[in-house]
There are 2 protein chains.
Amino acid sequence: MNKTRTSIVDIAHAAGVSKSTVSLVLQGSPLVNEKTREKVNALIGDLGYVYNRGAANLRQSRSKIIGIVVNDLTNSFFAELAVGMDMMVQSAGYVQFLAHSGESVDRQREVISSMRENGIAGLILSPARGTEASDIKPLADSGIPVVLVVRNVPGAKVSTLLSDNYAGAKAAIRHLISLGHRRIAFMGGFADTAVFGERLRGYRDALAEANIPINEKFVIHSAPSRAGGVAAVERMMDFAERPTSALCLNDAVAFGVCDGLRSNNIEPGKGFGIVGFDDVIEAKTAVPALTTVSVDPQGMGQRAAQLVLKQINAGQTDPESIVTSVRLVVRQSCGAPVKQLEELA
Amino acid sequence: MNKTRTSIVDIAHAAGVSKSTVSLVLQGSPLVNEKTREKVNALIGDLGYVYNRGAANLRQSRSKIIGIVVNDLTNSFFAELAVGMDMMVQSAGYVQFLAHSGESVDRQREVISSMRENGIAGLILSPARGTEASDIKPLADSGIPVVLVVRNVPGAKVSTLLSDNYAGAKAAIRHLISLGHRRIAFMGGFADTAVFGERLRGYRDALAEANIPINEKFVIHSAPSRAGGVAAVERMMDFAERPTSALCLNDAVAFGVCDGLRSNNIEPGKGFGIVGFDDVIEAKTAVPALTTVSVDPQGMGQRAAQLVLKQINAGQTDPESIVTSVRLVVRQSCGAPVKQLEELA
DNA sequence: CTTTTAATTTGGAACGTTCCAAAAAACAAG
DNA sequence: CTTGTTTTTTGGAACGTTCCAAATTAAAAG
């Protein structure tokens, strides 16, 4: 109903002080006298004043807004990542523009440029497939800290926070080998992402280490989703010599593989060993509980937020590359007894 | 590297025109001469100018920012809801503050007040459990359109967009009855939410309609999550006379129920009929594919965004209450042949 | 070449803050 | 009562836009 929002000068007028004093009160300055502070604070409540952070941002030419762009919010791994960031960002007194690129680089470009116009202080980006260094260059050049999470972008000179995909995959394969498996597949994903490449490399190296020859047919490409997991199993059923177990690109694929096996009357975890990757929240409660490489997306989100906040506060700093460690959580789906392996650095 | 961001007056100076003219160009006004427009646009590219939307917002005292608060992003129903909103919001040229309240009203309050300080033009809220009318009153009073989605808040005089929980539950139960079930449970959820109440009411009425007496033991409360579904089954296994099927509060619970049945060696969809609610993306590909009441969260998100955008553009309008229709999607988990029932109003 | 009309351009105030240098007030010491 | 010190308060400029009324320029008409 108010024609015009009440401002700092309205309360200054009501309190019989200057707008500067009110401003001082607002920022909790120790310079102001206790009595005037009280008077002003009372008026703030009474007149229903709401602080205009936009005006402050303009004057100070810095904002308390962090941009977050996530490639796929409907994937629970990324949703949890976003939640982790959200926690950190909020508790640092910032707000976030959180957008979903849906794996579209065009969309991502639009969103980033819009965030830029709105004056973000930093950006956390979980890049869409196909993102190029040029997509983030202008931002970084203008001095806005950028942190890349989960996926890297070749050639980008910004900070990154990636999980140790190589070590995780290697640990998973070693475990399957220790259970006696020799015909081990790698399911899900396409060759165009760094994540896929690193995990596959871990798979290959672990097999080589155990002197198990690699059967290229056992690397089964498919969409990195639940449906992709089903598809991969269908493909596998045609093989003359079938694998006895599989490492999946991520948990979504692993669940799909379980589904696919069931519709072929194979009991996941009994007739076939499955290891996922990511340790999404449902991994624990699924039946069979999923053996998986735990990445702790929420924790990763928090670290990413901390990193960008640190860079914002420090002014410009050199890009930092962090690889977060990962651990294999052994549950039922690989057919092993339940126990937690210790953290592997 | 730039000490100071280049502004409208910098390019005005470079182009030898006034800042007003540049402003006109920026807003695509037809008043400006084609040649000057070109000159200005060229300079904008060359000098790497980026529009400062914050300054514009300040001057115009309206923004292009929409606040979205979601109670639980890690639940894929809400994640998809958010994605639907995101699409609509972006394509209308707005950006969004998207925050996750984690079902905490305190958190939600903080987040809303922070959004208010940052000058949102409208708010879409999927409220945390326990939200009260007073939590949104100040916003609504100051003329900012608010749209409540999925859950209602008693006493709040704002627009709402809810799905037809009652009709959906009723349709689901009728279907189970038509398949010959008589002992039907209702699993998941607690009595303190409106959604639970409405779905339960549909359950009761459908049973009453068929003259099936209601066994209060068959309403099994539990957390509205996958783990809650497992827990509900455990509870059920102790019953002397067990249900033969269940309507679950939502799909997450339904998946949990499948898990729980399997660990008791009951095959979901064969030994026990299950119907979910929401139709999340995995419902289709799960094994068995989940029979569920489809709510189309993404579509709902879009409609919510449209509604709030409409209200923003229309200035202040009266609150509007929309109930979105819902349809039963019959898949495998209830043991029926696959077919789609038509939309029920 | 003047007048009228239409097309373009332009200062400057305003939006709600912060920040600075400086003024005012309060207090203490001589 | 001065003077010096400390505490508190204060105008006014600035941030980067938009918007208005008015000025300037170009085109058309006479």
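Buried here means under 20% relative accessible area, exposed over 50%, and partly exposed in between (1.4 Å probe, protein chains only). This is a predicted model, where local features need pLDDT of at least 70, side-chain atom pairs count only at pLDDT 80 or more, and totals for chains, interfaces and linings use all residues. Residues are numbered from 1 along each chain as its sequence is written, chains are lettered from A and ligands numbered from 1 in the order in which they are written, and side-chain values use heavy atoms, with hydrogens and water left out.

**View 1. Two neighbouring Phe rings in chain B.** Over all chains there are nine aromatic pairs. One of them joins B:Phe77 and B:Phe78 edge-to-face, at 5.2 Å centre to centre with 90 degrees between the planes. Rings of Phe, Tyr and Trp (its six-membered ring) pair if their centres lie within 6.5 Å; planes under 30 degrees apart count as stacked, over 60 as edge-to-face and the rest as tilted. B:Phe77 is buried at 5% relative accessible area, and B:Phe78 is buried at 7%.

**View 2. A ring cluster in chain A.** A:Phe186, A:Phe196 and A:Tyr203 are tied into a cluster by ring pairs.

**View 3. Arginine over phenylalanine.** A:Arg199 puts its charged end over the ring of A:Phe277, 3.6 Å from the centre. Over in chain B, B:Arg199 lies over the face of B:Phe277, at 3.6 Å from the ring centre. For the cut-offs, NZ of Lys or CZ of Arg must be within 6 Å of the ring centre and within 35 degrees of the ring normal.

**View 4. The axis between the copies.** A turn of 180 degrees and a shift of 0.0 Å along the axis lay chain A on chain B with an RMSD of 0.0 Å, so the two copies are related as by a two-fold rotation axis. The fit is by least squares on C-alpha atoms of residues with pLDDT of at least 70 in both. In chain A, A:Phe97 has the C-alpha nearest the axis, 2.3 Å from it.
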